[in-house]
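Dear colleague,

I am handing over the structure below, and after it you will find what came out of going through it. Please keep it open beside this message as you read.

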Amino acid sequence: MTEESGHRTTSRPTMADIAAEAHVSVKTVSRVVNHEPGVRADTAERVRAVIERVGFRRGDSATTLRQGRTFTIGLVVEDLADPFYSHISAAVEREARIHRYLLVTASAEGSPTRERSVLKGLVARRVDGLVVVPAGETPLADPAVTASRTPVVYLDRPVRSETPVDTVLSDNLGGIRSAVEHLVAHGHRRIGFLGDSADVWTARQRREGFMTTHRDLRLAGSPLVAMGPHTPETVRTALTKWTAGPEPVTAVITGNTRVTIPALTSLHDWATQLSFVAYDDFELSDVVEPPVTVVHQDPAALGQKAAQQLFARLLGDEGPAQTFVLPTRLIVRASGAPRRPGREMRDVSAS
């Protein structure tokens, strides 16, 4: 029973229930559900609002398959074990649950070939839509995926495409700028950037943000950049170079958690006095000594926004493709402040 219409509904709403709720005919509801023409825009919007509110879904699985609706969506990420992608997955699943959809999640393991295989399999199982963290910058070119016309929202990284595609990103440039400006405000003028592999779009974006901010703030010397992938040994190599000479670095910025962990290991082993800002928050960042200042991008917000855009498409939104850039937030702790004068940097592994 609904207060608006007084119409009694079953536990699983029918088209008749939707029609009564929206004050339209069952045929009109059918046209909206099946994306058929002949319905005024304001009427279609009213019907979709009722559908979303009451959670209508077709009960006849054979009819559902004929109409191309399985009430499942797919999510493809780089690495399911990575906490960043775990938060994204949880957020997408929450949105799916709200719409009474099932989420199927898979990992491409950073491989475009694996990604194509996974996507082809999901499309073969008739998922209604896809959220994809692309392994490369080429759009989904598999003929089976393209021919299916399955709605796709790209997340975290864009793809190069002749036609616009729905994309949800973080403000990588602004996030790195906030880290550099924080360190400069604490008096640092020689700052190094430890980035992830330059094969990754987000890593290149953060490198560009560092170099642009370095130039804009007119910091002395050339920007000091070492791209990964990194291990504690490669971090030590970079720090050895950067701390030598009359104008050593006094602070470093890491490009993501995959770089932060080996960097923290190296900084601990070397007993260095360098200040430090990490891109991406991580577990125990507030309890290590000193607590680590981080640029926080919100993976849950990214996943939620991508899922919301996908469901807007599934509910009939045929507007132009959109790109959403979500802001980051600097969480200030203690690691960015100048460290107390102490020992010179030394390689404790040699002692």
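Two strands are taken to pair if DSSP finds at least two bridges between them. Please also bear in mind that this is a predicted model.

With that meaning of pairing, there is an open sheet of six strands, in which the order is β7-β6-β8-β9-β10-β12 and the pairing is mixed. Its edge strands are β7 (224–228) and β12 (329–331), each of which pairs on one side only, and from one strand to the next the twist averages 20°. Within this sheet, β9 (residues 275–279) and β10 (residues 293–296) are joined in the parallel sense over three bridges, and alanine 278 has valine 294 in β10 as its bridge partner.

Two helices lie across strands of this sheet. Helix α8 (residues 172–185) lies across β6 (191–197), β8 (251–254), β9, β10 and β12, and runs at about 165° to β9. Helix α10 (residues 232–243), for its part, lies across β6, β7 and β8, running at about 155° to β6.

A second group of strands centres on β5, in the sense that the following pairings involve it. Strand β4 (residues 152–155) runs parallel to β5 and is joined to it by three bridges, with tyrosine 154 standing opposite threonine 167. Strand β11 (residues 323–326) also pairs with β5 in the parallel sense, over four bridges, and here leucine 169 of β5 stands opposite valine 325. Is β5 itself enclosed or open to the outside? Five of the five residues of β5 (residues 166–170) are buried, so this strand is largely enclosed by the rest of the structure. Asp166, Val168 and Ser170 point one way from the strand, while Thr167 and Leu169 point the other way.

Elsewhere, helix α2 (residues 26–33) and helix α3 (residues 41–54) have axes that come within 10 Å and cross at roughly 85°, which makes α2 roughly perpendicular to α3. The residues in contact are Thr28, Val29, Val32 and Val33 from α2, and Thr43, Ala44, Val47, Arg48 and Ile51 from α3; by class, this contact has six nonpolar, two polar and one charged residues.

For the chain as a whole, there are 12 helices and 12 strands, and 47% of the 351 residues count as buried. Among contacts between residues at least 6 apart in sequence, 66% join residues at least 24 apart. The chain exposes about 17,500 Å², of which carbon and sulfur atoms supply 51%.

With best wishes

Note on methods
Residues numbered from 1 in each chain as written. Predicted model: local features only at pLDDT ≥ 70, side-chain atom pairs only at ≥ 80, totals over all residues. Heavy atoms only, no water. Axes fitted to C-alpha atoms, helices over the stretch in contact; angles between N-to-C directions. Contact = heavy atoms within 4.5 Å. Parallel < 35°, antiparallel > 145°, perpendicular 65-115°, else oblique. Nonpolar A, V, L, I, M, F, W, Y, C, P; charged D, E, K, R; others polar. Buried < 20%, exposed > 50% of the residue type's maximum accessible area, 1.4 Å probe, protein only. Areas by Shrake-Rupley, 256 points an atom, 1.4 Å probe, with all protein chains shown as cover.
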